[in-house]
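Q: Please take a close look at one part of this protein, the aromatic cluster, and set it in the context of the whole chain.

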Amino acid sequence: MPEYPFEPKSNAYLLPGQFWGVPLSDRGWACGRVLAVKTQSDAHFPGNSRTFLAALMCWHGDEPPTTEAIAGRQVLAQGWAHVKSIQMNGQMILGCRDLGLDGIRGLREVTHRGGGTVMVYEGATPLRPATREEAATMPVFSTWGLRVISVLAERLFVEHLPLAQ
């Protein structure tokens, strides 16, 4: 395991709970977090050696995030991301705070809208098949482009706009 801070080139050293600073146009910072890395065979969990489940945390500060600063903060948005999204939006993993300390398990989402069995997940954990209503109304897993976390953070913390539904 590399020492903090480090720039990830793959997900080999990514661990749930690791965090990075997302620089904002107001010279402030948001916080990205690793929620999960693919470790098991799961058809609905997209993954390879460069992807992971990323989160934007409910945190905005004048300095990059620290273990102490993000304590108690919850997930605002999550998406499957490429490790380059860390490199392009903060560059370095700054540290790690156990997700369990803050009760973080990820957001509840469904795998898709139609065709076949739709599953309900909490973060990267499959819970059960979705009911018809859940499949039609719950948010669907998203895959983030390389700058999505920055766009979401700017919208929330700089422009003070809600997340798009």
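A: The answer below begins with the basis of the values, turns to the chain as a whole and ends with the cluster.

This is a predicted model, in which local features need pLDDT of at least 70 and side-chain atom pairs count only at pLDDT 80 or more, while totals for chains, interfaces and linings use all residues. Residues are numbered from 1 along each chain as its sequence is written, and side-chain values use heavy atoms, with hydrogens and water left out.

The protein chain contains three helices and eight strands, where helices (H or I, at least four residues) and strands (E, at least two) are DSSP runs numbered from the N terminus. Read from the N terminus, the order of elements is β-β-β-β-α-β-β-β-β-α-α. The radius of gyration of the protein chain is 15 Å, close to the 15 Å from the globule rule for 165 residues, so the chain is as compact as a globular protein of that length. That radius is taken over C-alpha atoms, and the rule is 2.2 Å times the number of residues to the power 0.38. Along its principal axes the C-alpha trace spans about 45 × 35 × 30 Å.

Of the 165 residues, 45% are buried; buried means under 20% relative accessible area, exposed over 50% and partly exposed in between (1.4 Å probe, protein chains only). Among contacts (heavy atoms within 4.5 Å) between residues at least 6 apart in sequence, 64% join residues at least 24 apart.

The structure holds four aromatic pairs. Rings of Phe, Tyr and Trp (its six-membered ring) pair if their centres lie within 6.5 Å; planes under 30 degrees apart count as stacked, over 60 as edge-to-face and the rest as tilted. One of these pairs joins Trp80 and Phe141 in an edge-to-face arrangement, with 5.4 Å centre to centre and 90 degrees between the planes. This pair links distant parts of the chain: Trp80 belongs to strand 4 (residues 75-82), whereas Phe141, 61 residues apart from it, lies in the loop between helix 2 (132-137) and helix 3 (148-158). Both Trp80 and Phe141 are buried.

Phe141 also pairs with Tyr121, again edge-to-face, at 4.9 Å centre to centre and 70 degrees between the planes. Here too distant parts of the chain are linked, since Tyr121 is in strand 7 (residues 119-122) and Phe141 in the loop between helix 2 and helix 3, 20 residues apart. Tyr121 is buried, as is Phe141. Ring pairs thus link Trp80, Tyr121 and Phe141 into a cluster.
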